[in-house]
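Trainee: Hey, could you walk me through this one? I haven't looked at it before.

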Amino acid sequence: MEIAIEKTTTPKQKPGASELGFGKVFTDHMFIWDYSIENGWHNPRIVPYSPLELDPACTVFHYGQAVFEGMKAYRGPGGEVLLFRPEMNIARLNRSNERMSIPQIDEKLALEAIKELVALERDWIPSTPGTALYIRPFVIATDTHLGVHPSATYKFIVILSPVGSYYKEGLNPVSIYVEPHYVRAVRGGTGFAKAAGNYAGSLLAQSKAQSKGHDQVLWLDGVERKYVEEVGTMNVFFNIGGRLITPELNGSILPGVTRDSILQLLRSWQVPAEERRLSIDEVFQAHDEGKLIEAFGCGTAAVVTPIGRLEYEGQVIEIGGGKPGELTQKLYDTLTGIQTGKLPDPFGWVVKV
Ligand code: COI
């Protein structure tokens, strides 16, 4: 694919590693690809990062026809640029596209475009432990027509942001509120897709959790409000009596790339790992019986984040004595070691740019 490149004439000042939060600073360039029914995906281009000019009638503003992905680029020990299982994210983007009636993208070309943008912005990739260049591909519907219909035109855009850890706590345990009333998704809905609206619908419960002193929400299933689904921006694992349990993919849970990688790592270490229905009562009962050894969330942004506290229906439990659990720490170290090229990559996950 021939990507036209227009370079910025006003490069920005790059932030120091200590100034990085999550997703607040953006690099100098972005990638844009347009879609129309007549031309398919066309006009791939890298242009200076800048605001978009969009008609106020665009479908995305009214009916939320939008999907996104989250990936990271890392700096390897020899300065090389590394991506982690990028083909999984792009395949998931297409599954999200399908669910939201957005046309499929060519996955090979999308990866090529991401690599080209990241290569151009390689000086923006931080190298301090715990930092990376976050890659945010997204698709928005741009038809200017207020009838409720799938748009006939779209933009696929990729922006990049140098990031530190997602939570201010870093690798310190976070506190999670188990939401008893609001739900994130139901089977048959859009929960498995990275649809923008899933996150809009989560914000009220997120604010409620924060006002009660927690970092995020743990969602329960949308039918019985009984089974654990996922945390606001991460999949979730519980170590109950030495068995690692994560909710099975049932259509309302996001199929996380980090979740899948963790399951493969655990199985390669012969740690029993189960994907199954897990009720919140089972988690609290395991705690009462002294069997809840550790809990953690995982995702591209969150990496592996220990969960130190859970509140459900007025009952608060503490997990792990304020420290990451042993397996949580080992998974964090192994995963980030593979991602940054410091550890061998036995699964062939890392892709050089
Ligand atoms: C990611 O982990 O990359 C995500 O997309 C979660 C996010 C909404 C910050």
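Mentor: Sure. This is a predicted model, and we can begin with helix H6, which runs over residues 257-268.

Trainee: How many residues does H6 have, and how far does it reach?

Mentor: H6 has twelve residues, and going from its first C-alpha to its last you cover 17 Å. That is close to the 16 Å expected at 1.5 Å a residue.

Trainee: Which residues of H6 are buried?

Mentor: Near the start of the list you have Val257, Thr258 and Arg259, then Ser261, Ile262 and Leu263, and finally Leu265 and Leu266.

Trainee: And what follows H6?

Mentor: Gln270 does, and its phi is positive, near 60°.

Trainee: Why point that out?

Mentor: Because most residues other than glycine have a negative phi.

Trainee: Got it. Where else should I look for a positive phi?

Mentor: Try Arg225, with a phi near 50°. Arg225 sits in the loop between strand E10 (216-220) and strand E11 (228-231).

Trainee: What about its accessibility, what does Arg225 count as?

Mentor: Partly exposed, because its relative accessibility is 36%, and that class runs between 20% and 50%.

Trainee: Any other residue to add on phi?

Mentor: Val303 is one: its phi is positive, about 55°, and Val303 is not a glycine. Val303 belongs to strand E16, which covers residues 303-312.

Trainee: Is Val303 buried or exposed?

Mentor: Buried, because its relative accessibility is 14%.

Trainee: Let's switch to the ligand. Which residues surround it?

Mentor: Phe68, Gly70, Tyr134, Arg136, Tyr166, Lys194, Tyr199, Thr233, Thr300 and Ala301.

Trainee: Which pocket is the ligand's space?

Mentor: The space taken by the ligand is the largest pocket.

Trainee: What polar atoms do I find by the ligand's oxygen atoms?

Mentor: A polar side-chain atom of Tyr134 is 2.6 Å from a ligand oxygen. Lys194 also has a polar side-chain atom there, 2.9 Å from an oxygen atom of the ligand. With Thr300 it's a polar backbone atom, at 3.3 Å from a ligand oxygen.

Trainee: And how much of the ligand's accessible area does the protein cover?

Mentor: On its own the ligand has 280 Å² of accessible area, and the protein covers 91% of that.

Trainee: OK, loops next. Where is Glu69?

Mentor: Glu69 is in the loop between strand E4 (66-68) and strand E5 (71-75).

Trainee: Buried or exposed, that Glu69?

Mentor: Buried, because Glu69 has a relative accessible area of 1%. As for distances, Glu69 and Gly191 are 122 residues apart in sequence, and their C-alpha atoms are 14 Å apart in space.

Trainee: What about Thr131?

Mentor: You'll find Thr131 in the loop between helix H3 (107-120) and strand E7 (132-141). Thr131 counts as buried because its relative accessibility is 12%.

Trainee: What does the side chain of Thr131 reach?

Mentor: The backbone oxygen of Thr128, at 2.5 Å.

Trainee: Show me something exposed, then.

Mentor: Go to Lys168, in the loop between strand E8 (153-163) and strand E9 (174-178). Lys168 is exposed because its relative accessible area is 76%, and the cut-off for exposed is over 50%.

Trainee: How far is Lys168 from Asp215?

Mentor: Along the sequence, 47 residues; in space, 9.6 Å from C-alpha to C-alpha.

Trainee: And which strand holds Lys352?

Mentor: Strand E18, residues 350-352. Lys352 counts as exposed because its relative accessibility is 57%. Lys352 and Gly341 are eleven residues apart in sequence, with 9.9 Å between their C-alpha atoms.

Trainee: Last one: where do I find Ser279?

Mentor: In the loop between strand E14 (273-275) and helix H7 (280-288). Ser279 counts as buried because its relative accessibility is 12%. The C-alpha atoms of Ser279 and Pro255 are separated by 19 Å, and the two residues are 24 apart along the chain.

Terms used: Residues numbered from 1 in each chain as written. Predicted model: local features only at pLDDT ≥ 70, side-chain atom pairs only at ≥ 80, totals over all residues. Heavy atoms only, no water. Helix = DSSP H or I, 4+ residues; strand = E, 2+ residues; numbered from the N terminus. Expected span 1.5 Å × (residues − 1). Buried < 20%, exposed > 50% of the residue type's maximum accessible area, 1.4 Å probe, protein only. Near = heavy atom within 4 Å. Polar contact = N/O pair within 3.5 Å; in protein donor to acceptor, adjacent residues only side chain to side chain. Areas by Shrake-Rupley, 256 points an atom, 1.4 Å probe, with all protein chains shown as cover. 1 Å grid on protein atoms, 1.4 Å probe; cavity = no way out; pocket = protein on both sides within 12 Å on 5 of 7 lines; lining within 4 Å. Sits in = over half its atoms within 2 Å of the grid points.
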